[in-house]
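Please open the model in a viewer and keep the selection panel at hand. The tour proceeds from one selection to the next.

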Amino acid sequence: MAEQSDQSDAVLDALGRFDGALASVDVDAAVAAVEGLLDDGVDPATVLVDVISSAQRIVGDRWQRGEWTVAEEHAATAVAVSATEAVARYARRVPATRGRVVVACAEREWHALPAMIVGTALRGAGWEVTLLGASTPPLRLSQYLQDLGPDATAVSCSVLGALPTTRRFIEASTSAGIPVVVGGSAFGVDGRRATALGATAWAASARDAVAVVAELPTVVPEAAPLPGPAVGEQAALELIHHRLFTGLRERWALAAQVVTTEQLPLDSVAAVAVDVVNQALHAVWSALLTGDPTTLSETAAWTAALLFARGVEPGLVDELGRLLAADLRDFPLARDLVDRHWTDGALTAGRP
Amino acid sequence: MTGSKPAAPGAQAPPLGERAAPAEAEHGTRSLLSDQQLLAGARERIALTAEVTTQLAGSLNLRRTILRLFALVRPGMADWVMLAMADDSSSRLSLFGGKNPTFSTAVHRAEAEDLGLTRVLRSGRSELLHVVDTGHADGLDSMIPHDGLRSEATALRPADVLGVALTARGSTVGVLVLVRGAGRGFTEEDVALAEVVAARAATALDSARLYEERTRVASVLQSGLRPPVLPRPDGLRLAARFRAAAQHLDIGGDFYDVHGSGDDWLVVLGDVCGKGVEAAVLTGRARQSVRTAYHFDRRPGGVLAALNAVLYEEDSDRFVTVVCARVRPAADGRSAEVTLAVAGHPPPLLVRADGSVVETEVAGTVAGVLPDVAYTETALRLESGDTLLMFTDGIYEARGPDGCYGMDRLRALLPAYAGASPAVVCEAVERDVVEYLGGRAHDDMALFAVSCER
Ligand code: B12
């Protein structure tokens, strides 16, 4: 018992040092923090999940609160990547005896680190891992699946915008009979979205990913088709995305100028407006494909938090919902989802 | 007699669908029910064979095709299943499956020479053996030339062993060995069904085998054409990205390389005309020429002049654009001296630590079209926090909804990444360009960034 709490103290302590290293973009300090734990016999999965991933979430919160720019977020992540590589050097000492997993991010997914972390955890558990990296076209995935014939495909998806392409990965994998395990923040807090998209399994963390991959069936049937009308609307929305996006951003940013009372925040609103409008449209895609409307309420809540941190009038969230619903007039399912679920989120979050 | 006796070889059973009704179907009231049962059975079999065809069509990978076949066959058609595949290029017989579907091993063909398994492989005709529950030299020995696998099957005795030939494109490529335990012997119909399934499976397995051979050849050839793993020179940080126009390939017409040692390095980034495999082959030659030239002359101008001469003499209408940067880091890792030369390539950008973006002033003729070209060099100094970014035209010519991505977008993006590590700069540019494309096709894209270590 004492030993265990010693260890969790050590992990917490390392997390503090690691977070400092990310903030000061100090690769050596970050690597030293994780190597110290590994040398003391802390399990690689614990280092990956409780130090590196936890620190990355703090990075995200700083961006969300407007304290860090995207470039700073990116620089910190490069440090975390170096630390993950250090863990990978330990993980590679474990003999690879369990078969092979291909780990990838679908198109539009640029969060490569979560995939790398999951890949490293699997390698540490004795799997041979082939990492395909960020935003991979489905043709490239298929080529690897046919060439390597892995035991499983693992797909990491952090942003809602990549759920449709993740579905294409699920199709590519299951049509070759290969089980596919998914995870990442775009899937939310449980396996519902994953099941709806036809994934074989879902896991909440890199640690759970190891357990789940060990239990996968050898062969799976091809994923069942998704409901036709919803898929049709999503595909159409994806096709006209640029037009919808441009129209919404212009009108919403205009509204932003009217509604914003303070002078300063305008800049920050303009900077996040692109992400917010994209995310809102992507939330609609996701709700259509997964049948889970919480993607919309979550995105509204997230938008509210972003705007609140930048000192902006919260009414802008509702404004975006109204504009979105109006622009979706030709898409009955999508429009209904926005009408019914955007405001839920706007009401529950981010308010002082 | 112990062991096995040959039973009616399945090859003689009538094909599925043309079968006479079994004897009991001719008796009175039972016949109606049996007809229905027969019909249901036939439907099931047709469904199964259709299933086999579609399921096995989804995979070109031999291992995955085998796993899928096992999943289709077990437990419905057999309690235990093994696949033997002949490998023409060696004297081995590959064995797959058993209790653990992912198991595989290989035995010498000579070891199986006098066995039923080899008979099936040679004759292409199925054999059904009944195995009684005593003795040693039985049907299991005859069909399973591996101790571990055989003892798994032995546990099912008394059993029926069925060896079905897998014949595709005129040759028997393997044998599917099915075992059923007590009370579940193979009927004639079962044998016929197994043969239909085997026929479908054989084509899929043979295709997968051919694909695997091609993959092996291709990946050996391709390995020399893939982007290299970058060295980690003292005093410098290097990063690169490559995204192929042909999405499923990791090779194309853009290339990069790093040569050198100690405190003297040469970074090369280039673009041959064309894309895909043909272009990749040409990059292989260009890279080799640069490597050889560098051996004799470390100056970028000299390397390019030599490359130009070699490509010109090759007498092809192909040409290559290249940027060469000789980088000499200071011992403290806080600065580096750079000498640049280009052959028809866009000049690199220099992102200063303060966020200013400078286009380097360097120009030169594309390599391979004129004889005897001299390349002028430009010198610059990288200070702490500066990044030198090299790229190919696939970056600024990427076509999105608003036309080309363009150099202006690139210059506008970079100031935010002043002082960032080369890996971050490359990732940020790649992401911005690919997002800009919005899913449209693109040319090969390559990026290379260099900065001092500190
Ligand atoms: C670093 C980062 C970036 C970097 C990524 C660089 C890189 N090379 O990875 C950059 C700068 C490129 C980036 C860009 C963007 N990002 Co960002 N990013 C992050 C950040 C801070 C960390 C991501 C990370 O590494 N997490 C660590 C991982 C390991 O944790 P995790 O994702 O929770 O993963 C765990 C589990 O989910 C699970 N898991 C993950 N994958 C898998 C896979 C399988 C198979 C399994 C079984 C399990 C599993 O295991 C992991 C470990 O236990 C997050 C914040 C956060 N909360 O995560 C934001 C975050 C993901 N980004 C966000 C946003 C909005 C963006 C941008 C739109 C704008 C921006 N901020 O720049 C763009 C969009 C880019 C795109 N289209 O993909 C939002 C997403 C919001 C939302 N509701 O969806 C977040 C949450 C920030 C925030 N709080 O708002 N980002």
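Begin at the ligand and select A:Ala206: a backbone N or O atom of A:Ala206 lies 2.9 Å from an oxygen atom of the ligand. The coordinates belong to a predicted model, and the distances quoted on this tour should be read accordingly.

**The ligand and its shell**

Keep the ligand centred and add A:Trp302, where a polar side-chain atom is placed 2.7 Å from a ligand oxygen atom. Next, add B:Glu427; here a polar side-chain atom is 3.0 Å from a nitrogen atom of the ligand. Colouring by chain shows the setting, for the ligand lies between chains A and B.

Now extend the selection to the whole shell. It comprises 40 residues, and the closest are A:Gln64, A:Thr77, A:His111, A:Ser156 and A:Trp302. A colouring by residue class divides the shell into 20 nonpolar, 13 polar and seven charged residues.

Switch to a cartoon representation to see which elements contribute. From chain A, α3 (44-64), α4, α5 (112-124), β3 (152-156), β4 (180-183), α9 (206-214) and α12 (266-290) each supply at least two residues of the shell, as does α11 (422-437) of chain B. Which element gives the largest share of the shell? Highlight α3(A), which provides eight residues.

**The interface of chains A and B**

Hide the ligand and select the residues in contact across the two chains: 34 from chain A and 31 from chain B. The area buried between chain A and chain B is about 2700 Å², with carbon and sulfur atoms giving 48% of it. On the chain A side, show A:His74, A:Trp110 and A:Gln146 as sticks; these residues lose the most area to chain B, together accounting for 25% of what that side buries.

For the polar component, start with the salt bridges, of which there are three between chain A and chain B. One to display is that joining the side chains of B:Arg63 and A:Asp151, at 2.6 Å from N to O. Between the chains there are also 18 residue pairs in polar contact, both residues at pLDDT 80 or more.

Return to the cartoon of chain A and select α4 (70-91), α6 (138-148) and α7 (163-175), the elements that give two or more residues to the side touching chain B. Of these, α6(A) gives the most, with eight residues. By class, this side of chain A has 17 nonpolar, 10 polar and seven charged residues.

**Domains within each chain**

Colour chain A by its domain assignment: domain 1 (1-93), domain 2 (95-224) and domain 3 (228-347). Select the boundary of domains 1 and 3 of chain A, where four residues of domain 1 are in contact with seven residues of domain 3. The area buried here is about 450 Å², and carbon and sulfur atoms give 58% of it. Show A:Trp63, A:Gln64 and A:Arg65, which supply 89% of the area that domain 1 buries against domain 3. A:Gln64 has already appeared among the closest residues to the ligand.

What polar links cross this boundary, by count of residue pairs in polar contact? There are two such pairs, both residues of each at pLDDT 80 or more, and zero salt bridges. The domain 1 side consists of one nonpolar, two polar and one charged residue.

Finally, select chain B, which is divided into domain 1 (38-220) and domain 2 (228-452). Taken over C-alpha atoms, the centres of these two domains are separated by 53 Å.

Notes: Residues numbered from 1 in each chain as written. Chains lettered and ligands numbered in written order. Predicted model: local features only at pLDDT ≥ 70, side-chain atom pairs only at ≥ 80, totals over all residues. Heavy atoms only, no water. Domains from an automatic or database assignment. Contact = heavy atoms within 4.5 Å. Buried area = accessible area lost by both parts, 1.4 Å probe. Salt bridge = Lys/Arg side-chain N within 4 Å of Asp/Glu carboxyl O. Polar contact = N/O pair within 3.5 Å; in protein donor to acceptor, adjacent residues only side chain to side chain. Helix = DSSP H or I, 4+ residues; strand = E, 2+ residues; numbered from the N terminus. Nonpolar A, V, L, I, M, F, W, Y, C, P; charged D, E, K, R; others polar. Near = heavy atom within 4 Å.
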